[in-house]
Amino acid sequence: MLIPPPVPRGARHFVSVIAFDGMAPFELGCAVEIFGIARPELDVPWYELTVCAETPADLRIVGGFTMRAAHGLGVAAGADTVIVPAVPDVRGAVSPELVAALRAAHARGARIVSICSGAFALAAAGLLDEREATTHWRYAELLQRRFPRVKVNPDVLYVDGGDVLTSAGSAAGLDLLIHLVRKDHGPGVANSVARRLVIPPHREGGQAQFIQAPVTPVEDNDTVATTMAWALDHLAEPITVARMAEAAHMSQRTFIRHFGRQTGISPLRWVISQRVAASLTLLESTTAPIEEIAVAVGFDSPVTFRHHFAKAMRTSPSAYRRAFGVSA
């Protein structure tokens, strides 16, 4: 494989995403949407995206169409960030050509990223040895069995290992890709991109909430949705199930049942998640003390705030601020 020599790039960041024969298009589309669309309104040097494949021939894509990548793996090996979407066969061998390209890119100092079962390609290249990594919960046991040197964590949406990053299922790839934008350009730019995509800049929790989760039809969610909007406007105040039920004009038992059908969680757990989410902007954009932020988003004490923040974000408010705050 011929790897192009490094070229002067200035502030541009080159991203390559690998396309496979037999792949599903969603994850490729996510990478193209985030890194391939010019965003002059953000006033930062944006990414340059290439789509690469092992072959110049047409690739069969799930859904009944074909596509052809304009670049080979040599271009991917020379990129600053290489993204590997889900591999078509989690039990099959990864080609020596792809293994070589990933190793070459990593050796050059590139950031290697996998989405869903793309972690199998990274593991085959030895890039996950003795590292924590994740993949879709359905494949976590298989990944651990096939590559025992990988420290598989099936309970998170993504793992940031610095130069090697892995995400869970397909939608979790969006979480990780927005995280990359946040690392490169800060929380303000990442939040703007997330708003353009109409997705949250952060999601609480891990994959456990998605494993074998029953889906119950919602009979009437208008009142619950209105109550959720009311709660968001009153986060700084004490919010109990009784108050939410009163706002919904329901009994507590009926409200809890309707709320669970719509959201899959309890009303108070949802309120806690919204308070944590509200604190992120304050941590990112202000220098207010942690104690003041805790009160501003409705926690009754800084200790309670830190507890719930750590449970949701897997870090402390102070550490989060150091990573993504105004002085980061």
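This passage describes the overall make-up of a predicted model and then turns to a few of its residues and one helix pair.

The chain contains 14 helices and 10 strands. Of its 328 residues, 45% are buried. Contacts that span long stretches of sequence are well represented: among those between residues at least 6 apart, 64% join residues at least 24 apart.

A good place to begin a closer look is His13, which lies in strand β1, a run covering residues 13-18. With a relative accessibility of 19%, His13 falls under the 20% cut-off and is therefore counted as buried. The side chain of His13 forms a polar contact of 2.7 Å with the side chain of Thr81. Thr81 also appears in the wider set of residues that His13 touches once those up to four places away in sequence are set aside, together with Trp46, Tyr47, Glu48, Asp80 and Arg111.

Attention next moves to a pair of helices. Helix α1, residues 26-36, and helix α6, residues 170-185, have axes that come within 10 Å and cross at roughly 20 degrees. Because this angle is under 35 degrees, α1 counts as roughly parallel to α6. On the α1 side, the contact is made by Phe26, Glu27, Cys30, Ala31, Ile34 and Phe35. On the α6 side, Ser170, Ala171, Leu174, Leu177, Ile178, Leu180 and Val181 take part. The crossing of the two helices is right-handed.

Cys30, one of the α1 residues in this contact, invites a word on the cysteines. Cys30 has a relative accessibility of 7% and so counts as buried. Cys116 is likewise buried, at 6% relative accessibility. A disulfide is a covalent bond between the sulfur atoms of two cysteines. In this model, the count of disulfides is zero.

Further along the chain, Pro267 is found in helix α11, which covers residues 267-285. At 2% relative accessibility, Pro267 lies under the 20% limit and so counts as buried. Which residues does Pro267 touch, not counting those up to four places away in sequence? They are Val241, Met244, Phe255, Ile256 and Phe259. Val224 offers a further point of reference: its C-alpha atom is separated from that of Pro267 by 10.0 Å, with the two residues 43 apart along the chain.

How values were computed. Residues numbered from 1 in each chain as written. Predicted model: local features only at pLDDT ≥ 70, side-chain atom pairs only at ≥ 80, totals over all residues. Heavy atoms only, no water. Helix = DSSP H or I, 4+ residues; strand = E, 2+ residues; numbered from the N terminus. Buried < 20%, exposed > 50% of the residue type's maximum accessible area, 1.4 Å probe, protein only. Polar contact = N/O pair within 3.5 Å; in protein donor to acceptor, adjacent residues only side chain to side chain. Contact = heavy atoms within 4.5 Å. Disulfide = S-S within 2.5 Å. Axes fitted to C-alpha atoms, helices over the stretch in contact; angles between N-to-C directions. Parallel < 35°, antiparallel > 145°, perpendicular 65-115°, else oblique. Left-handed = near helix turned anticlockwise from the far one by under 90°.
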